Amino acid sequence: MSNVLITGGAGFIGYHFSKKLSNNNFSTIILDNLDDYYDIHYKLNRLSFLGINTSKIEYGNEIISKTYPKLKFIKGDVIDQELIEDIFSNNEIEYVVHMAARSGARGSFSNPHEYIKDNIEGTANILHACSKHNIKHFVFTSSSSVYGSKNDENIESAKLKPISLYGASKLSAEIISETYSKSKDLPVTVCRLFSVYGPLGRPDGFILKCIESIKNEISIELFNSGEMWRDFIYIKDVTEILFRILLSKPENNFKVYDIGTGVATKITDIIQILEKILGKKAKIRNVSGDKSENTITKAHKELMFKELDIQKMTDIERNLRDFLKVENL
């Protein structure tokens, strides 16, 4: 079966997608530098769930999963050109899913060099290796942050004018990816992820923070008095979409998709649904806004991957109940 390299595979989405591939008998290589953008124990726990002995992790070494014999983990950085070349040279990689990135729009201006290094230079390094080794398909997980502050549903009005350095770095990586696609005949698909939620998520994710805050009777901080809307999409749907995209040859060798539901949900509505499910009232504290945060984000339906059960994807209460059931196992 095909060999797939997943950069950033110890992250939230990377973990679930690595598990999806392994369950479908793909040979999978996870590359992750295990940075400390958030508590590293979240990443180590995910790797443990994949059967990786985290006590044996050393930079550059391969660790074979005890659960999935065709899955291995390598601690390494996408900016390490020598390591990247070794991985491509020593493994018959056919597909690459590039998820490694310095994440988070809020506060990205406080650490600009890290965002540029990881998100732009790192992507260029991976693309260079993909081109050199004739990879069949490069899938890049970008972000809805590439859009401007007004995320209009009309595709012709979709302005690519990010308001955070994070969004600007992801857009730059998109442009570099398209350049490689056109100039080096490399099949590339860009996937702009919207607000993904689900089990084993990042601790700074809005829904996970709300759940923990309601359970522990801690105040939920709301920007702009809660007058914000997000396109929330469940991790199960994201992994299924990415799986289908990976196995699809992009039209004209380059394709862009919005990975969302096409529906914007007000964040206070999310809180009300969680209150209903958890049977507890949330404590709310309004805080000053952040100019790097969009007021509304919503996937453009013209850019969404087709042949999906939209009704299932947009049933957020059903998905939240599933999420909480898994979290409580």
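# Notebook: helix packing and two buried residues

I began with a pair of helices, and I noted that helix 4 and helix 5 cross in a right-handed manner, a crossing being right-handed if the near helix is turned clockwise from the far one by less than a right angle, and left-handed if anticlockwise. Before going on I wrote down that this is a predicted model, in which local features need pLDDT of at least 70 and side-chain atom pairs count only at pLDDT 80 or more, while totals for chains, interfaces and linings use all residues. I also wrote down that residues are numbered from 1 along each chain as its sequence is written, and that side-chain values use heavy atoms, with hydrogens and water left out.

**Helices 4 and 5.** I looked up the geometry and found helix 4 (residues 112–132) packing on helix 5 (residues 165–184) at about 15 degrees, with the axes 9 Å apart; axes are lines fitted to C-alpha atoms, for helices over the stretch in contact, and angles run from 0 to 180 degrees between N-to-C directions. That angle makes helix 4 roughly parallel to helix 5 (under 35 degrees is roughly parallel, over 145 roughly antiparallel, 65 to 115 roughly perpendicular, and the rest oblique). Among the residues in this contact I listed Y115, I120 and L127 of helix 4 with Y166, A173 and I176 of helix 5, where contact means heavy atoms within 4.5 Å. By class I recorded ten nonpolar, seven polar and two charged residues for the contact of helix 4 with helix 5 (Ala, Val, Leu, Ile, Met, Phe, Trp, Tyr, Cys and Pro are nonpolar, Asp, Glu, Lys and Arg charged, and the others, Gly among them, polar).

**Helices 6 and 8.** I then turned to helix 6 (residues 206–215) and helix 8 (residues 267–278), whose axes are 10 Å apart and which pack at an angle of about 45 degrees. Helix 6 is therefore oblique to helix 8, and their crossing is right-handed. The contact includes F206, I207 and C210 of helix 6 and I267, I270 and L274 of helix 8, and I recorded ten nonpolar, no polar and two charged residues in the contact of helix 6 with helix 8.

**Helices 1 and 7.** I looked next at helix 1 (residues 12–23) and helix 7 (residues 235–246), whose axes come within 10 Å and cross at roughly 60 degrees, so that the two are oblique to each other.

**T265.** I found T265 in strand 13 (residues 265–266), and T265 counts as buried because its relative accessibility is 17% (buried is under 20% relative accessible area, exposed over 50%, and partly exposed in between, with a 1.4 Å probe and protein chains only). Not counting residues up to four places away in sequence, T265 touches M228, W229, R230, F232 and I270.

**Y257.** I placed Y257 in strand 12 (residues 254–259), and I noted that Y257 is buried, with a relative accessible area of 15%. The C-alpha atoms of Y257 and F305 are separated by 6.4 Å, although the two are 48 residues apart along the chain.

**The whole protein.** I closed with the overall count of ten helices and 14 strands, which are DSSP runs numbered from the N terminus (helices H or I, at least four residues; strands E, at least two). I also noted that buried residues make up 54% of the 329 residues.
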